[in-house]
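Colleague: I'm new to this model and would love a close look at a single part of it. Please start with the part to read with care, and go on from there.

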Amino acid sequence: MATAPQSRRLNLTRDQLATFLTDQQQIRQFELLFSTVDQLQVIVGTDFEFQADTAAATANSALAQLAALAQESAINCALAENKANQALALVDNLTKAVQALQLTPVPSQLDTLTKAVEGLQMAPPPREFKRSRYGSFCDTTTQTATVINTAKAITFNTTNLSNGVFIGSPTSRIVVDSEGIYNFDTSFQLDKTSGGTAEFYFWFRLNGVDVPDSASQIRIQGNNAEIFSSLNYFFDLKANDYVELMFSVSDLSVEIIAVPASAPHPGIPSIILTVNNNIGGVQ
C-alpha cells in the first residue's frame, strides 16, 4: 500500500499573494497548483493490487517535494522562477511513477498541474528594497544679483542631512547618486533695500538647462519689504543628474536675505532646500 503524503494547503490569502503577484492570472495559477497537488495526493495514495511499491514511493516523494516547493515559492517570490523549473522536473518524475502504476485518471490532472507550474514562471522579478535618498541644505549668507535681468544660480554652504543627495561643484548644484522621482521643496526670504517696485524671478535648471514652465514671479515693493516664499517641484532624475535653483531681479536692491540668530529666534537662512525620493517606496 502506498501512503499519500500529508496535504499541504496554501495558507495564504489572495491579498498576501497579491504582495508579489500583481496579475490575477498568476494568483489563480498558484491556487490551481495547490488544488491539483491535493487531488493527486489522494489518487497516488490509493491501494493497488499489483507490485508498484517503488513507483508509488517515487510518486509520493515527488508530490511532497512539489508541494513544499510551491509553498516556498508562495512565500519567497525571489525563488519563484527557479522553483517553478524544479517543480516541472518533479512533475516529469511523477508522470513516470504514475505510468509505472498504470493509473488512467491521473494524466489529465498531471497536464493541469504542469500548466499550473508553468504559469508560475510568469511570476514578477523579486522586489529590491532601495534605501531612500534625501538631503537637507541651506545657505547662511545673503545672496544678491550683480546684473539685472540676468540668470544667477543660488548657492548652498550648509548640509544638514544627506544620503545619496549632495552639494556638487559649483555649490549651486544639488546632485543625486541614484535614479528616481525626487521632490525638491524649497523656501527663501526676500528683501528690498530701497523704495520702489521690483520683480524677482525664480526657476529650476536640470543639468544646465532651464526647466520649462518652472518659473515663479514675485513683485516686491518698498524699502525693507521682506517676503517669505516657498514651493516644490518633482524631478525624474538619473544617477549623477544635478538640479540648480536660479533667480533674476529687475532691480539690484532685491536680495535673498539671511538674518543671524537673535533672541528669541534662531538664524534665518537665505534659502532652505530639502530633497527626497521616498515617493515609490519599495522599488
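Modeller: Happily! Let's look at residues 44–52, where pLDDT, the predictor's confidence in each residue from 0 to 100, stays under 50. For this stretch the model has 13 contacts (heavy atoms within 4.5 Å) beyond four places in sequence. Where pLDDT is low, the predicted coordinates should not be read in detail. This is a predicted model, in which local features need pLDDT of at least 70 and side-chain atom pairs count only at pLDDT 80 or more, while totals for chains, interfaces and linings use all residues. Residues are numbered from 1 along each chain as its sequence is written, and side-chain values use heavy atoms, leaving out hydrogens and water.

For the chain, the mean pLDDT is 78, with 55% of residues reaching 70 or more. Residues 1–10 are also below 50, and this stretch has 32 contacts in the model beyond near neighbours in sequence.

For contrast, here is the largest nonpolar core, a set of buried (under 20% relative accessible area) Ala, Val, Leu, Ile, Met, Phe, Trp, Tyr and Cys residues joined through side-chain atoms within 4.5 Å. The core has 31 residues, and those with the most contacts inside it are F184, F188, F200, F204 and L245. Elements giving two or more residues to this core include β7 (180–192), β8 (197–206) and β11 (227–237); strands are DSSP runs of E, at least two residues, numbered from the N terminus. Leaving aside neighbours within four places in sequence, F184 is in contact with residues including I174, F204, L231 and V275.

Definitions and conventions. Buried < 20%, exposed > 50% of the residue type's maximum accessible area, 1.4 Å probe, protein only. Helix = DSSP H or I, 4+ residues; strand = E, 2+ residues; numbered from the N terminus.
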